[in-house]
Amino acid sequence: HKKPGLKAINAMGLISGIAWLIGFGMLVDYFLQMQVGMGTLLPTVMKMFASAFFTLQPMTALATDTPGLPFANLTGILLFHIGNLLSVLGMAKYSYDSSQPFAKKNFPFFGMILNMFGSG
């Protein structure tokens, strides 16, 4: 069984990063049309920028036959985690109902917390 080469791994990383970038770009566009507040828009924009940084490392690695830009993944992951944290804080402030902590309407808040810790 042959292991995938670095070019194949970087190509998959580039495709994945582009898909994330398109997805978050569409979400930002949707949020702008819905005129959501900055508490929702800012974390989403941060994750969109994180996706752009996630495309830089594999793209430059493929183009230059080097490991690619060394700061790109670090910058991307920092933006993504800060965006997740801001999403949790925004949901805690605007949508979490502390009078009924385990009500079904609070499930998205708990889901975002699990997502934040699970992606770290």
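In this predicted model, nine aromatic pairs are counted. One of them joins Trp20 and Phe24, whose rings are stacked, with 5.7 Å from centre to centre and 20° between the planes. The angle qualifies as stacked because planes under 30 degrees apart are placed in that class. The two residues are four places apart in helix H1, which covers residues 6–34, so about one helical turn separates Trp20 from Phe24. The general geometry of a helix is relevant here: an α-helix has 3.6 residues a turn, so residues three or four places apart point the same way. The partners nevertheless fall into separate accessibility classes. Trp20 counts as partly exposed, at 45% relative accessibility, whereas Phe24 has 11% and counts as buried.

Phe24 also takes part in a second pair, with Phe80, and this one is edge-to-face: the centres are 6.2 Å apart and the planes meet at 75°. Since Phe24 belongs to helix H1 and Phe80 to helix H3 (residues 72–94), this pair ties together parts of the chain that are 56 residues apart in sequence. Phe24 and Phe80 are both buried. Elsewhere, ring pairs link Tyr96, Phe102, Phe109 and Phe110 into a cluster.

Helix H3, which carries Phe80, may be considered next. Its 23 residues should span 33 Å at 1.5 Å a residue, and the C-alpha atoms at its ends are 32 Å apart, which agrees with that expectation. The buried residues of H3 are Ala72, Gly76, Phe80, Gly83, Asn84, Ser87, Val88 and Gly90. These buried residues pack against H1, H2 and helix H4, the last of which comprises residues 107–118.

What does Ser87 of H3 contact beyond its neighbours within four places in sequence? Its partners are Pro43, Lys47 and Met112. Of these, Pro43 and Lys47 fall within the range of helix H2 (38–64), and Met112 falls within that of H4 (107–118). Ser87 itself has a relative accessible area of 13% and is therefore buried, the cut-off for that class being under 20%.

Ser87 leads in turn to the largest pocket, which holds about 220 Å³ of space. The pocket is lined by 14 residues, and those closest to its centre are Gly39, Thr40, Thr44, Ser87 and Met91. Which helix gives the most to this lining? It is H2, with five residues. H1, H2 and H3 each supply at least two residues of the lining. In chemical class, the lining consists of seven nonpolar, six polar and one charged residues.

The loop between H3 and H4 contains Gln100. At 40% relative accessibility, Gln100 counts as partly exposed, in contrast to Ser87, which is buried. When neighbours within four places in sequence are left aside, Gln100 is in contact with Lys105 and Asn106. Gln100 and Gly83 are 17 residues apart along the chain, and their C-alpha atoms are separated by 26 Å. Gly83 is one of the buried residues of H3.

Conventions:
Residues are numbered from 1 along each chain as its sequence is written. This is a predicted model: local features need pLDDT of at least 70, side-chain atom pairs count only at pLDDT 80 or more; totals for chains, interfaces and linings use all residues. Side-chain values use heavy atoms; hydrogens and water are left out. Rings of Phe, Tyr and Trp (its six-membered ring) pair if their centres lie within 6.5 Å; planes under 30 degrees apart count as stacked, over 60 as edge-to-face and the rest as tilted. Buried means under 20% relative accessible area, exposed over 50%, partly exposed in between (1.4 Å probe, protein chains only). On a 1 Å grid over the protein atoms alone, a cavity is a set of points where a 1.4 Å probe fits but cannot get out, and a pocket is an open set with protein on both sides within 12 Å along at least five of seven lines; lining residues have an atom within 4 Å of a point. Grid points are joined across faces, edges and corners, and a volume is the space filled by probe spheres set on the points. Ala, Val, Leu, Ile, Met, Phe, Trp, Tyr, Cys and Pro count as nonpolar, Asp, Glu, Lys and Arg as charged, and the others, Gly among them, as polar. The expected span of a helix is 1.5 Å times one less than its number of residues. Contact means heavy atoms within 4.5 Å.
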